[in-house]
Amino acid sequence: MQNNNWKDKWKKEASMSYKANPSRPHRIDWKDKLKKYLMDPQYKAAQEKEEEAAKKLQEYEALQAKPETTPEDLKAFANANGFFSGALWSRNHAALAKASGERIPVTPSDVIRLHLELIDDWSKEDHDVVCKYGGLKGRRISRDVVVPADMPLYAMHFMIQRLFGWSNSHPHMFELPLDAVMNMTKDTGEGWKNAVGIVLRSPNMDEMDEYWTDDYVSGSFANWLRNKYTGPYLSRCVGEYYVECKETMKSFDLDEEYYVAFYENEGKEWVSRTYPVVNHDGKTVDISEIKLEEWETRIEKMRFRDMPVLAVYRTIYERSAFSLLERLPVSSVLHCSDDSSNDLNTVDELLEQNKGYFDAFEHLRAFEAYLSPECSPVTNRLVYSYDFGDGWQVIITATRDCKDLVENGKLTQEELDKANIKCRELYRPVTIVVDGGVLMDDVGGTTGYAEFLRTVNPEIDDMDEDEIEDAMIEKEEMLDWAREQEWKKNSPWI
């Protein structure tokens, strides 16, 4: 990897991350940082980290050269200092700089690997079709990507659109799984309300705030997406600012009373319905007026603060109660599964972490695009939903390193290092492993996609002439429609 001509293909793109726009502040390079901020602890620490990495690289190379070094000695040193196979986050920076041929940018400070897996409801026959004609080798369509650790969810949305071949023409949402919400909030309405503005969006957020960054008009859609998921990142979604969230949440009175109906399933009790004790006409509803369904077990009067979060979910119909703030960096909200030191946090712990921010937020309101409450990981997985009619869902998990991919022969350490370097130099995601082809909008979800592949790859062996003619006409009509969607022109490799 001494020859770095492999970087030539992205030299023209390297300047994008240094161009400021409404969702990207100016990116300062090492030279400017050291000249302007030499005494800043953040950059002094980065400089010291580089120097330490260079020493470790020299020690590793010296250890390799010693005849008395045992494989166990080398393995122990490698595992401790980022020289092991599959190293990404842990990769020694001096080794990366040596492979790159130049200094690694100070920002982003770290990168992580995301695994994105499409949830499907395929039958065995559908799955076979997608394997045969859709490039699928495993159980589900998936992507593995190296991303800047500080990439916010709103930028991840645009990345996912590119990775899966969609066209950003329908609503989307990032949600926490129910078990993560229950853990974070201690399964209470009060915990849920406290999480709004720190982790969760307000369900009363102005609808236009959701689309603050959707400004595509014309030109290359792929280039427009690329601009959106290139850092450094800056959210201008006013509706997600802490003060704004708390203003919109005033309608949720912690002491308001509700009737909560329950049912049992597999030995667990779940919420089925909720009813305000005082209805919209101001009339108090007696519990005797509410008839339980056959499958419901009981009904209880509860204050909002004490209700299970699933009961909170049942009281909100316009938006999900579990929708995440999209200004959150992915590494802040999503726990890396190979990082045993990082426990999932509760909202009480997040409130404690943010005491100083909350005390000062009135004075910081003008700077909320640049400052936001701290959020430590609260979940092991994220759920990304897109086009609620077609019902696409992607499960997202994170790891710091890629040992499994290298050991399974999905990519080499050299390829991983190149992706690591590219992600850091361009400040944007880089695809490393793909399973399955690109999808498209309005095809009818996962089952519709399988049917689409079946239609454009007709099996005509058992057809008569008329059936073959009809199948070919249907194939061409379907392909014409797919080409209008730019199917096959899209690529999951970014």
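**Entry 1: Leu371 and its patch.** I looked up Leu371 and found it partly exposed, because its relative accessible area is 37%. I am working from a predicted model. I placed Leu371 in the loop between helix 14 (355-364) and strand 7 (382-386). I then asked which residues form a nonpolar patch with Leu371 on the surface. They are Phe367 and Tyr370, and together the three have about 320 Å² of accessible area.

**Entry 2: acidic surface.** I turned to charge next. I found a patch of negative charge on the surface, where Asp464, Glu465, Asp466, Glu467, Glu469, Asp470, Glu474 and Glu477 gather. I located Asp464 in the loop between helix 17 (445-456) and helix 18 (465-484). Is Asp464 buried or exposed? I noted 42% relative accessibility, so Asp464 counts as partly exposed.

**Entry 3: salt bridges.** I looked up how many salt bridges the structure holds, and the count is 36. I went through several of them.

I began with Glu117 and Arg140, whose side chains meet at 3.3 Å, N to O. Glu117 sits in strand 1, and Arg140 sits in the loop between helix 5 (124-133) and strand 2 (142-148), so this pair ties together parts that are 23 residues apart in sequence. I checked accessibility for both. Glu117 is partly exposed at 24%. Arg140 is partly exposed at 25%.

I moved on to Asp126, which forms a salt bridge with Arg454; their closest N and O atoms are 2.9 Å apart. Here the link is between distant parts of the chain, with Asp126 in helix 5, Arg454 in helix 17, and their positions 328 residues apart. Why does Asp126 count as buried? Its relative accessibility is 13%, and the cut-off for buried is under 20%. Arg454 has 29% relative accessibility, so I logged it as partly exposed.

I then took Lys186 and Asp348, a salt bridge at 3.1 Å, N to O. This pair also links distant parts of the chain: Lys186 is in the loop between helix 7 (178-185) and helix 8, Asp348 is in helix 13 (residues 347-353), and they are 162 residues apart. Asp348 is partly exposed, with a relative accessible area of 40%.

I also found a network of salt bridges that links Glu190, Asp255, Arg303, Arg305 and Asp306.

**Entry 4: Glu210.** I found Glu210 in the loop between helix 8 (189-195) and helix 9 (221-228). It is buried, because its relative accessible area is 18%. Which side chain does the side chain of Glu210 contact? I found Arg319, in a polar contact of 2.6 Å.

**Entry 5: backbone.** I kept the general expectation in mind: most residues other than glycine have a negative phi, and most peptide bonds are trans. I listed exceptions.

The peptide bond from Thr107 to Pro108 is cis, with omega near -5°. I placed Pro108 in the loop between helix 4 (93-100) and strand 1 (111-118). Gly231 and Pro232 are also joined by a cis peptide bond, with omega about 0°. I placed Pro232 in the loop between helix 9 and helix 10 (242-248).

For phi, I noted Glu486, which is not a glycine yet has a positive value of about 65°. Glu486 lies in the segment after helix 18 and counts as partly exposed at 40% relative accessibility. I noted Lys488 too, with a positive phi of about 80° although it is not a glycine. Lys488 lies in the segment after helix 18. With a relative accessible area of 64%, Lys488 is exposed.

Conventions: Residues are numbered from 1 along each chain as its sequence is written. This is a predicted model: local features need pLDDT of at least 70, side-chain atom pairs count only at pLDDT 80 or more; totals for chains, interfaces and linings use all residues. Side-chain values use heavy atoms; hydrogens and water are left out. Patches are made of residues with over 30% relative accessible area and no salt bridge: like charges are joined within 9 Å, nonpolar side chains (Val, Leu, Ile, Met, Phe, Trp, Tyr) within 5 Å. Accessible areas come from the Shrake-Rupley method with a 1.4 Å probe; for residues, only the protein chains shown count as cover. A salt bridge is a side-chain nitrogen of Lys or Arg within 4 Å of a carboxyl oxygen of Asp or Glu. Lys and Arg count as positive and Asp and Glu as negative; His and the chain ends are not counted. The place of a charge is taken as NZ of Lys, CZ of Arg, CG of Asp or CD of Glu. Helices (H or I, at least four residues) and strands (E, at least two) are DSSP runs, numbered from the N terminus. Buried means under 20% relative accessible area, exposed over 50%, partly exposed in between (1.4 Å probe, protein chains only). A polar contact is a pair of N or O atoms within 3.5 Å; within protein, one must be able to donate a hydrogen and the other to accept it, and residues adjacent in sequence count only if both atoms are side-chain atoms.
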